[in-house]
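I opened a fresh page for a structure I had not met before. Here is what I looked up, in the order I went.

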Amino acid sequence: METMTATTDRATVETTAPTTATTGGRAVRYLLAGTRLALGWIFLWAFVDKMFGLGMATESKNAWINGGSPTRGFLTFGVTGPFQDLYTGIAGAAWADWLFMIGLAGIGVALLLGIGLRIAAVTGGLLLVLMWTAVLPPENNPFMDDHLIYAAVLAILALVDAGHTWGLGRVWATLPVVQRLPWLR
(Lines give C-alpha, C1' and ligand atoms only; values in the text may rest on other atoms or scores of the structure.)
Protein backbone atom coordinates (compact mmCIF):
# COMPACT_ATOMS: atom_id res chain seq x y z
CA MET A 1 0.00 0.00 0.00
CA GLU A 2 1.13 3.49 -0.72
CA THR A 3 -0.02 6.64 1.01
CA MET A 4 -1.00 9.40 -1.36
CA THR A 5 -1.84 13.00 -0.54
CA ALA A 6 -4.47 14.87 -2.52
CA THR A 7 -4.96 18.59 -2.15
CA THR A 8 -8.40 20.08 -2.60
CA ASP A 9 -9.57 23.65 -2.21
CA ARG A 10 -10.77 22.87 1.33
CA ALA A 11 -8.21 20.52 2.84
CA THR A 12 -5.46 18.03 2.28
CA VAL A 13 -6.78 14.49 2.22
CA GLU A 14 -4.62 11.43 2.76
CA THR A 15 -5.77 8.17 1.22
CA THR A 16 -4.28 4.73 1.11
CA ALA A 17 -4.35 3.07 -2.28
CA PRO A 18 -2.67 -0.02 -3.68
CA THR A 19 0.19 0.79 -5.96
CA THR A 20 0.29 -1.17 -9.17
CA ALA A 21 4.06 -0.81 -9.29
CA THR A 22 4.55 -3.42 -6.58
CA THR A 23 5.16 -7.02 -7.47
CA GLY A 24 2.07 -8.04 -5.52
CA GLY A 25 -0.09 -5.45 -7.28
CA ARG A 26 1.06 -6.63 -10.70
CA ALA A 27 0.54 -10.26 -9.73
CA VAL A 28 -3.02 -9.56 -8.60
CA ARG A 29 -3.80 -7.67 -11.82
CA TYR A 30 -2.48 -10.55 -13.93
CA LEU A 31 -4.28 -13.16 -11.83
CA LEU A 32 -7.58 -11.29 -12.17
CA ALA A 33 -7.03 -10.80 -15.91
CA GLY A 34 -6.36 -14.53 -16.30
CA THR A 35 -9.46 -15.33 -14.27
CA ARG A 36 -11.50 -12.95 -16.49
CA LEU A 37 -10.20 -14.66 -19.63
CA ALA A 38 -10.89 -18.14 -18.24
CA LEU A 39 -14.43 -17.25 -17.19
CA GLY A 40 -15.02 -15.56 -20.54
CA TRP A 41 -13.94 -18.73 -22.29
CA ILE A 42 -16.36 -20.80 -20.15
CA PHE A 43 -19.29 -18.64 -21.30
CA LEU A 44 -18.17 -18.42 -24.93
CA TRP A 45 -17.44 -22.14 -25.15
CA ALA A 46 -20.92 -22.96 -23.83
CA PHE A 47 -22.34 -20.76 -26.61
CA VAL A 48 -20.16 -22.31 -29.36
CA ASP A 49 -20.84 -25.89 -28.24
CA LYS A 50 -24.60 -25.35 -28.07
CA MET A 51 -24.62 -23.45 -31.38
CA PHE A 52 -22.63 -26.00 -33.41
CA GLY A 53 -22.93 -29.22 -31.38
CA LEU A 54 -19.21 -29.93 -31.16
CA GLY A 55 -19.80 -33.07 -29.12
CA MET A 56 -18.59 -31.88 -25.74
CA ALA A 57 -21.91 -31.18 -24.00
CA THR A 58 -24.07 -30.96 -27.13
CA GLU A 59 -24.27 -33.55 -29.89
CA SER A 60 -24.26 -32.29 -33.46
CA LYS A 61 -27.87 -33.38 -34.02
CA ASN A 62 -28.96 -31.21 -31.07
CA ALA A 63 -27.03 -28.11 -32.12
CA TRP A 64 -29.00 -24.89 -32.31
CA ILE A 65 -27.83 -24.41 -35.91
CA ASN A 66 -29.35 -27.82 -36.73
CA GLY A 67 -32.73 -26.97 -35.19
CA GLY A 68 -32.02 -28.13 -31.65
CA SER A 69 -32.92 -26.17 -28.56
CA PRO A 70 -30.15 -25.04 -26.19
CA THR A 71 -32.59 -24.98 -23.26
CA ARG A 72 -34.83 -27.99 -23.85
CA GLY A 73 -32.56 -30.80 -22.64
CA PHE A 74 -31.44 -29.36 -19.32
CA LEU A 75 -34.68 -27.59 -18.47
CA THR A 76 -36.68 -30.73 -19.24
CA PHE A 77 -34.50 -33.38 -17.62
CA GLY A 78 -31.91 -31.68 -15.38
CA VAL A 79 -33.98 -29.37 -13.21
CA THR A 80 -34.81 -30.27 -9.61
CA GLY A 81 -36.27 -28.53 -6.63
CA PRO A 82 -38.90 -25.90 -5.95
CA PHE A 83 -38.65 -24.16 -9.35
CA GLN A 84 -38.85 -27.32 -11.44
CA ASP A 85 -42.33 -26.57 -12.86
CA LEU A 86 -41.32 -23.02 -13.81
CA TYR A 87 -38.21 -24.14 -15.67
CA THR A 88 -39.76 -27.16 -17.40
CA GLY A 89 -42.54 -24.83 -18.55
CA ILE A 90 -40.09 -22.65 -20.51
CA ALA A 91 -37.92 -25.50 -21.81
CA GLY A 92 -37.41 -25.13 -25.54
CA ALA A 93 -39.29 -21.83 -25.83
CA ALA A 94 -37.80 -19.74 -28.65
CA TRP A 95 -37.51 -16.63 -26.45
CA ALA A 96 -35.68 -18.63 -23.76
CA ASP A 97 -33.29 -20.13 -26.33
CA TRP A 98 -32.52 -16.69 -27.81
CA LEU A 99 -32.02 -14.98 -24.44
CA PHE A 100 -29.81 -17.82 -23.21
CA MET A 101 -27.63 -17.89 -26.32
CA ILE A 102 -27.33 -14.10 -26.61
CA GLY A 103 -26.43 -14.00 -22.93
CA LEU A 104 -23.74 -16.68 -23.23
CA ALA A 105 -22.19 -15.03 -26.29
CA GLY A 106 -22.39 -11.46 -24.97
CA ILE A 107 -21.00 -12.28 -21.54
CA GLY A 108 -18.22 -14.41 -23.03
CA VAL A 109 -17.15 -11.78 -25.56
CA ALA A 110 -17.29 -8.95 -23.00
CA LEU A 111 -15.10 -10.90 -20.58
CA LEU A 112 -12.61 -11.97 -23.24
CA LEU A 113 -12.27 -8.42 -24.57
CA GLY A 114 -12.34 -6.81 -21.11
CA ILE A 115 -15.14 -4.40 -22.03
CA GLY A 116 -18.57 -3.83 -20.54
CA LEU A 117 -17.63 -5.78 -17.44
CA ARG A 118 -20.33 -4.13 -15.31
CA ILE A 119 -23.06 -5.29 -17.69
CA ALA A 120 -21.40 -8.70 -18.05
CA ALA A 121 -21.23 -9.05 -14.26
CA VAL A 122 -24.90 -8.18 -13.75
CA THR A 123 -26.26 -10.28 -16.62
CA GLY A 124 -23.83 -13.13 -15.99
CA GLY A 125 -24.60 -13.06 -12.27
CA LEU A 126 -28.32 -13.18 -13.01
CA LEU A 127 -27.88 -16.08 -15.45
CA LEU A 128 -25.76 -17.98 -12.94
CA VAL A 129 -28.18 -17.41 -10.06
CA LEU A 130 -31.05 -18.63 -12.27
CA MET A 131 -29.00 -21.72 -13.12
CA TRP A 132 -28.36 -22.23 -9.40
CA THR A 133 -32.10 -22.06 -8.66
CA ALA A 134 -32.68 -24.75 -11.29
CA VAL A 135 -30.81 -27.34 -9.22
CA LEU A 136 -31.86 -26.52 -5.68
CA PRO A 137 -30.69 -27.91 -3.42
CA PRO A 138 -27.25 -28.48 -4.94
CA GLU A 139 -26.13 -32.07 -5.07
CA ASN A 140 -23.15 -31.87 -2.70
CA ASN A 141 -23.91 -28.91 -0.40
CA PRO A 142 -26.97 -27.53 1.36
CA PHE A 143 -26.91 -24.28 -0.66
CA MET A 144 -23.49 -23.40 -2.15
CA ASP A 145 -22.27 -24.41 -5.59
CA ASP A 146 -20.04 -23.17 -8.40
CA HIS A 147 -22.75 -20.97 -9.94
CA LEU A 148 -22.73 -18.69 -6.89
CA ILE A 149 -18.92 -18.62 -6.80
CA TYR A 150 -18.76 -17.66 -10.49
CA ALA A 151 -21.35 -14.91 -9.88
CA ALA A 152 -19.19 -13.50 -7.06
CA VAL A 153 -16.08 -13.67 -9.25
CA LEU A 154 -17.90 -11.74 -11.99
CA ALA A 155 -18.73 -9.00 -9.49
CA ILE A 156 -15.11 -8.81 -8.34
CA LEU A 157 -13.82 -8.59 -11.91
CA ALA A 158 -16.16 -5.68 -12.67
CA LEU A 159 -15.38 -3.84 -9.42
CA VAL A 160 -11.61 -3.91 -9.94
CA ASP A 161 -11.66 -3.04 -13.66
CA ALA A 162 -10.05 -6.36 -14.56
CA GLY A 163 -10.50 -5.54 -18.24
CA HIS A 164 -7.66 -3.01 -18.10
CA THR A 165 -5.03 -5.77 -17.98
CA TRP A 166 -4.80 -8.00 -21.06
CA GLY A 167 -7.98 -6.42 -22.37
CA LEU A 168 -9.48 -3.37 -24.01
CA GLY A 169 -11.05 -2.00 -20.81
CA ARG A 170 -8.80 1.03 -20.53
CA VAL A 171 -9.54 2.11 -24.11
CA TRP A 172 -13.23 1.24 -23.71
CA ALA A 173 -13.48 3.49 -20.62
CA THR A 174 -12.30 6.51 -22.67
CA LEU A 175 -15.09 6.25 -25.26
CA PRO A 176 -17.49 9.22 -25.05
CA VAL A 177 -20.57 7.02 -24.64
CA VAL A 178 -18.91 5.12 -21.77
CA GLN A 179 -17.83 8.41 -20.20
CA ARG A 180 -21.46 9.61 -20.31
CA LEU A 181 -22.89 6.28 -19.15
CA PRO A 182 -20.45 4.77 -16.63
CA TRP A 183 -22.59 1.67 -16.17
CA LEU A 184 -21.26 0.60 -19.59
CA ARG A 185 -17.76 0.17 -18.15
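Before counting anything, I settled what a contact is: heavy atoms within 4.5 Å. I also noted that this is a predicted model.

**Entry: the whole chain**

With that cut-off in hand, I looked at contacts with a separation of 6 or more, and 56% of them join residues 24 or more positions apart. I then listed the secondary structure and found 8 helices and 2 strands. Reading from the N terminus, I met the elements in the order β-β-α-α-α-α-α-α-α-α. The chain has 185 residues, and I noted 36% of them as buried.

**Entry: α1 against α4**

Next I turned to a pair of helices. I reminded myself that two packed helices are described by the angle between their axes and the distance between the axes. Helix α1 covers residues 23-52 and helix α4 covers residues 94-113. I found their axes 7 Å apart, at an angle of about 145°. The crossing of α1 past α4 is left-handed.

Which residues meet there? On the α1 side I wrote down several, including W41, F43, L44, F47 and M51. On the α4 side, F100, M101, L104, I107 and L111 are among them. I sorted the residues of this contact by class and got 17 nonpolar, 2 polar and 2 charged.

**Entry: M101**

I picked M101, which sits in helix α4, for a closer look. Is M101 buried or exposed? Its relative accessibility is 1%, so M101 counts as buried, the cut-off being under 20%.

I then checked its partners, leaving aside neighbours within four places in sequence: M101 is in contact with F47, K50, M51, W64 and P70. F47 lies 54 residues from M101 in sequence, yet their C-alpha atoms are 6.0 Å apart in space.

**Entry: F74**

For a second residue I chose F74, in helix α2. At 42% relative accessibility, F74 counts as partly exposed, because that label covers values between 20% and 50%. Beyond its neighbours within four places in sequence, I found F74 in contact with V79, A134 and V135. I also noted A91, which is 17 residues from F74 in sequence and 7.9 Å away, C-alpha to C-alpha.

**Entry: the largest pocket**

Then I went looking for space. Rolling a probe the size of a water molecule over the atoms shows where empty space is left. The largest pocket holds about 910 Å³. I counted 36 residues in its lining, with T71, L75, A96, F100 and L127 nearest the centre. The elements giving two or more residues to this lining are α2 (72-77), α3 (84-90), α4 and α5 (117-133). Which element gives the most? That is α4, with 9 residues. By class, I recorded the pocket lining as 23 nonpolar, 10 polar and 3 charged.

**Entry: the cavity**

Last, I searched the whole structure for cavities of 30 Å³ or more and found 1. The largest cavity has a volume of about 80 Å³. Its lining includes G114, L117, R118, D161, H164, W172 and R185. Both α5 and α7 (169-174) supply at least two residues to the cavity lining, and the largest share, 3 residues, comes from α7. I sorted this lining too: 4 nonpolar, 4 polar and 3 charged.

Note on methods:
Residues numbered from 1 in each chain as written. Predicted model: local features only at pLDDT ≥ 70, side-chain atom pairs only at ≥ 80, totals over all residues. Heavy atoms only, no water. Axes fitted to C-alpha atoms, helices over the stretch in contact; angles between N-to-C directions. Helix = DSSP H or I, 4+ residues; strand = E, 2+ residues; numbered from the N terminus. Left-handed = near helix turned anticlockwise from the far one by under 90°. Nonpolar A, V, L, I, M, F, W, Y, C, P; charged D, E, K, R; others polar. 1 Å grid on protein atoms, 1.4 Å probe; cavity = no way out; pocket = protein on both sides within 12 Å on 5 of 7 lines; lining within 4 Å. Points joined across faces, edges and corners; volume = space filled by probe spheres on them. Buried < 20%, exposed > 50% of the residue type's maximum accessible area, 1.4 Å probe, protein only.
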